Amino acid sequence: MDETTSVSKGCFAFKRSANKKVKSSRTDDLWPLLRGETGKSRDARRRYYIESLNQISSEAEAELSTMNGHIFSELITYLKSTTTHLTPDKADSSIWTKLIPAAVIVAGANMPDNAVLFDHLATKIQDTVTPMFARLKSKDCQTVQKLVKSFLIQVLDNTKNQIGELDDKTTSEMIQYSMFELPDWYNYVIKTLHKNKQGKGRKRKNQQADMEKPVIIIVFEDFESFSSQVILDFVKICSFYTCKVPLAFVFGIATTVSTVHKSLTYSGTSLVEIKLFKSYPTKVYLENVLSKVLLTPKYRFKLGFKPLNLLVENFFCHDFSVSSFMSGLKYAMMDHYCDNELSILSMPRETSQDITATFQQQIKVLSHEQLELIRMLPSFRRYVDGLPGKEQKQLILDDKALKDKVLELLIDIEQYHQLFFPMLRCLDAVTNILPKHPLGRLVCIKLLAGLIYVGLNVLHRPEQDEELDENRTNNEHDKVTDRFKLQERLRQLSKRKRNPTHFEICRCEVVEKLTALFKKYAKCPSELPLFEVCYYDSVSVLKQHVAASPRMAIQRALNNYSFYLKNDTDDHEQTPDICIAHQTLTDRKKLVSLQDWMRDFIHEAKFVDSKVLCSSKTKSTHKDKHKNKQQQYQQQQEQYEQELQMRFMRAVSELQFLGFIKYSKRKSNYVSRLTWIG
């Protein structure tokens with residue numbers, strides 16, 4: 001761009017130069033060409049990822065909306081019931097005539113999911129209840145003044161978005177952020193809303209008395225984090241305006257309703273009318289997401305056992321957040337479609353097209369190198385080893401025969417999914433009655449009923465009934481009265497095998513039927529050939545990006561800085577000073593002398609810098625030319641030594657901030673190590 005001189009500052013527009021090239025998109029860098037792949041195939045693989053991601057995300061969001069629907073419907077009904085028809089002329093001036101409605105939502109301790117819950121709640125309130133709405137957070141409301149200011153700002157902005165611009169005079173009075181101006185502003189907004197509904201020229205005598213007054217809703221998102229005194233003072237302030245302005249509170253708590261009583265005490269709770277609303281536990285939400293997203297044949301992308309176990313363990317052991325679980329699932333899907341060459345065969349399902357035709361169309365465009373990748377898959381090699389020699393040779397050498405076999409195996413995987421997940425639910429229903437619930441607590445009685453019916457046919461056995469009756473009669477006739485004969489009889493009975501009862505026979509046959517069905521239809525997915533096409537099993541990559549380990553990341557960065565800086569060259573001049581200080585620290589004992597440590601650091605830094613003079617040289621003047629070269633060299637050496645000392649002290653401060661060292665209280669000019677390696 002050309003330079004422009006002007007007396008005053010301004011903005012000048014210039015046309016784009018014809019020589020300048022427009023920056024190319026980074027899509028090619030994010031989705032590189034893999035082995036044996038063309039640009040068209042890469043675009044299809046990226047498109048499949050986006051479609052699968054959108055389908056799974058929409059399914060999870062729909063499940064969240066369904067689960068939150070029950071609490072939203074009850075809460076919206078309760079908030080709508082707080083709408084009043086009172087006017088300032090008819091209302092009593094006493095502050096005790098009306099309690100402030102307060103809805104308490106027990107949302108749980110998972111903060112990421114709570115933010116999504118209150119986002120949906122805010123949208124629902126503004127669409128169905130009232131535009132006068134404020135959502136307060138503890139970080140913005142440390143004092144009563146800040147709380148009132150934040151409340152009035154949000155109410156004013158949300159109302160402007162719903163009914164347009166307001167009167168300048170009324171708005172300017174409201175901008176003073178005083179609760180004293182709230183009743184007048186509220187009455188003006190009510191009149192404006194009523195005019196918009198009734199239209200011009202349709203006035204009534206008792207219009208103000210008959211108009212409906214929507215409530216002003218104030219949501220405290222993280223109630224436990226607010227100061228108790230701040231909320232108590234704000235509730236008392238609001239109680240003075242309940243006769244003129246209808247107000248309602250929504251308290252979002254993570255533990256129990258007793259938190260409200262502890263924060264407000266009796267003087268605050270006596271001014272509010274509390275009603276409790278409970279949301280579903282996040283465990284139920286996770287079970288529904290798993291059953292409708294992963295444990296279903298609807299989507300071709302699947303998680304392997306180890307990645308799924310990692311995400312579930314992070315959920316139960318860290319934050320109980322389904323949002324974090326979905327983030328890990330989305331990353332696994334991205335890594336599967338981005339790095340797996342054969343993910344091109346894991347296209348999303350389309351209801352309008354036959355599955356066989358979809359597979360044929362995709363297998364037809366596979367290149368020879370992609371077919372070689374299929375031959376190199378461990379699951380496919382195990383499958384080929386079990387075939388006759390002639391068929392093995394044909395699959396290894398003939399690409400056309402391999403494409404036909406791949407089509408057959410992919411169709412078998414789809415059929416396997418259609419039977420595997422119902423059988424998995426049946427297995428869960430069978431084991432659900434066992435102690436400690438080894439497969440969870442989900443119940444699938446309807447699927448179990450049809451399965452058990454197969455084994456219940458063995459309950460009617462007339463021949464066995466007659467044999468059991470004969471045994472009972474024989475036992476009744478063989479009554480022994482002598483004590484010695486009774487002992488001998490008991491010894492013989494203990495050595496002889498006991499005949500199974502009718503119940504045991506039926507139980508064994510039912511268990512055999514179930515075992516045969518489970519072994520046939522509920523086998524492990526890793527036993528299927530070409531399971532790598534649909535299943536993501538890179539647990540190490542997923543753990544590195546999902547499971548947070550900051551100490552290991554810092555340790556790795558200090559030992560191998562090029563891993564994070566993406567610098568594969570051995571340029572020692574780019575080595576950070578903190579890495580040099582950490583390297584010289586690891587060879588020392590618990591107590592480290594700063595003088596000895598600095599001497600080693602300076603020695604290593606000089607070697608790394610590969611120079612003697614300081615990097616920042618000043619321009620020489622006319623007087624410097626007359627100085628002695630020896631004095632100039634010594635001056636530069638002193639400047640460089642001072643620079644190295646400052647760099648060392650900065651590196652020591654950084655290591656202390658990261659928690660690797662601390663200054664010793666026993667000896668001056670000594671530091672003690674806090675971490676150990678090996």
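## Close-up views of a predicted chain

**View 1. Strand S3 and its partners.** Let us start with one pair of residues: Ile 217 has Ala 248 in strand S4 as its bridge partner. This is a predicted model, in which local features need pLDDT of at least 70 and side-chain atom pairs count only at pLDDT 80 or more, while totals for chains, interfaces and linings use all residues. Residues are numbered from 1 along each chain as its sequence is written, and side-chain values use heavy atoms, with hydrogens and water left out. Strands and helices here are DSSP runs (E, at least two residues, for strands; H or I, at least four, for helices), numbered from the N terminus. S3 and S4 run parallel and are joined by five bridges. Turning to S2, four bridges join this strand to S3, again in parallel. One of the partners on that side is easy to find: Ala 134 is matched by Ile 218 in S3. Which way do the side chains of S3 point? Ile 216, Ile 218 and Phe 220 point one way, Ile 217 and Val 219 the other way, and all are buried. "Buried" means under 20% relative accessible area, "exposed" over 50%, and "partly exposed" in between, using a 1.4 Å probe and protein chains only. With five of its five residues buried, S3 is largely enclosed by the rest of the structure.

**View 2. The five-stranded sheet.** Follow the strands across this open sheet and you will read the order S2-S3-S4-S1-S5, with parallel pairing. Two strands are said to pair if DSSP finds at least two bridges between them. Strands S2 (133-136) and S5 (272-278) stand at the edges with a single partner strand each, so one side of each is left without a neighbour in the sheet. From one strand to the next, the twist averages 20 degrees. At the S5 edge, strand S1 (residues 100-106) pairs with S5 in the parallel sense over seven bridges. Among the residues involved, Val 106 has Lys 278 in S5 as its bridge partner.

**View 3. Helices on the sheet.** Helix H2 (residues 39-80) packs on the sheet, where it touches S1, S3 (216-220), S4 (247-253) and S5. Contact means heavy atoms within 4.5 Å. The direction of H2 makes about 165 degrees with that of S5; axes are lines fitted to C-alpha atoms (for helices over the stretch in contact), and angles run from 0 to 180 degrees between N-to-C directions. Helix H9 (residues 258-269) also packs on the sheet, touching S1, S4 and S5. Its direction makes about 155 degrees with that of S5.

**View 4. Helices H10 and H12.** Helix H10 (residues 282-294) packs with helix H12 (residues 322-339) at an angle of about 25 degrees, with axes 10 Å apart. H10 and H12 are therefore roughly parallel to each other; angles under 35 degrees count as roughly parallel, over 145 as roughly antiparallel, 65 to 115 as roughly perpendicular and the rest as oblique. Look for contact residues including Tyr 285, Leu 286 and Val 289 of H10, and Phe 325, Met 326 and Leu 329 of H12. Sorted by class, this contact has 10 nonpolar residues, one polar and no charged. Ala, Val, Leu, Ile, Met, Phe, Trp, Tyr, Cys and Pro count as nonpolar, Asp, Glu, Lys and Arg as charged, and the others, Gly among them, as polar.

**View 5. Helices H14 and H15.** Helix H14 (residues 368-376) meets helix H15 (residues 378-385) at about 70 degrees, with axes 5 Å apart. That angle makes H14 roughly perpendicular to H15. On the H14 side you can find Ile 374, Arg 375 and Met 376, which meet Pro 378, Phe 380 and Arg 381 in H15. Four residues of this contact are nonpolar, none is polar and two are charged.

**View 6. Two loop residues with positive phi.** Phi of Leu 530 is near 65 degrees, a positive value in a residue other than glycine. Leu 530 sits in the loop between helix H21 (502-521) and strand S7 (535-536). Is Leu 530 buried or exposed? At 0% relative accessibility, Leu 530 counts as buried. Asn 669, which is not a glycine either, has a positive phi of about 60 degrees. You will find Asn 669 in the loop between strands S9 (661-663) and S10 (670-673). With a relative accessible area of 57%, Asn 669 is exposed.
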